[in-house]
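Trainee: I'd like a close look at one residue in this model, please. Start with its surroundings, then show me how the rest of the chain fits around that picture.

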Amino acid sequence: MTHSPPAERNGSRDFDFFLGSWRTHHRRLVKRLAGCTEWAEFDGLTVTCPLLGGAGNIDDNVINLPD
């Protein structure tokens, strides 16, 4: 019985599950680098599209900041 070697994978499609439009929820410190522990929370939208024939992805983010 002869076994074929496994097909080589380059990993270029490993993150295709990110592709599409996603509602997102963000949070950030109210005052950064000041010892603050209070978080501001806000929603957004992320749209992820393939680049270079699927060799990479790019994200476009719309962030609805509270201010």
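Mentor: Here is the residue I'd pick, then its partners, then the chain as a whole.

First, some housekeeping: this is a predicted model, so local features need pLDDT of at least 70 and side-chain atom pairs count only at pLDDT 80 or more, while totals for chains, interfaces and linings use all residues. Residues are numbered from 1 along each chain as its sequence is written, and side-chain values use heavy atoms, with hydrogens and water left out.

My pick is Thr-48, which sits in strand β2, residues 39-51. Strands here are DSSP runs of E with at least two residues, helices are runs of H or I with at least four, and both are numbered from the N terminus. Is Thr-48 buried or exposed? Thr-48 is buried, since its relative accessible area is 6%; the cut-offs are under 20% for buried and over 50% for exposed, with partly exposed in between, using a 1.4 Å probe and protein chains only. Its side chain has a polar partner: the side chain of Asp-59, at 2.7 Å. By polar contact I mean a pair of N or O atoms within 3.5 Å; within protein, one must be able to donate a hydrogen and the other to accept it, and residues adjacent in sequence count only if both atoms are side-chain atoms.

What else does Thr-48 touch? Setting aside neighbours within four places in sequence, Thr-48 is in contact with Phe-18, Leu-19, Gly-20 and Trp-22, and also with Asn-57, Ile-58 and Asp-59. Contact here is heavy atoms within 4.5 Å.

Now take two of those partners in turn. Leu-19 belongs to the segment before β1, and it counts as partly exposed because its relative accessibility is 29%. Besides Thr-48, Leu-19 touches Cys-49, Pro-50 and Asn-57, once residues up to four places away are discounted. With Pro-50, the C-alpha atoms are 7.1 Å apart in space, even though 31 residues separate the pair in sequence.

Gly-20 is found in strand β1. At 30% relative accessibility, Gly-20 is also classed as partly exposed, and its contacts beyond four places in sequence are Thr-46, Val-47 and Thr-48. Look the other way along the chain, though: Asn-10 is 10 residues from Gly-20 in sequence, yet the C-alpha atoms are 22 Å apart.

Further along β1 you meet Thr-24. Again leaving out residues up to four places away, Thr-24 touches Phe-42, Asp-43, Gly-44, Leu-45 and Thr-46. A polar contact of 3.0 Å also joins the side chains of Thr-24 and His-26.

The loops are worth a stop too. Leu-33 lies in the loop between β1 and β2, and Leu-52 in the loop between β2 and β3, residues 56-63. Leu-33 has a positive phi of about 60 degrees although it is not a glycine, and Leu-52 has a positive phi near 50 degrees. Those values catch the eye because most residues other than glycine have a negative phi. Leu-33 is exposed, with a relative accessible area of 93%, and Leu-52 counts as exposed at 75%.

Back at the start of the chain, His-3 sits in the segment before β1, which covers 20-29. His-3 counts as exposed at 66% relative accessibility, and its C-alpha atom is 35 Å from that of Leu-51, 48 residues along the chain.

Zoom out, and the chain has 0 helices and 3 strands. Its radius of gyration is 20 Å, well over the 11 Å that the globule rule gives for 67 residues, so the chain is more spread out than a compact globule. That radius is taken over C-alpha atoms, and the rule is 2.2 Å times the number of residues to the power 0.38. Along its principal axes the C-alpha trace spans about 65 × 25 × 20 Å.

Buried residues make up 12% of the 67 residues, and Thr-48 is buried. Among contacts with a separation of 6 or more, 27% come from residues 24 or more positions apart.
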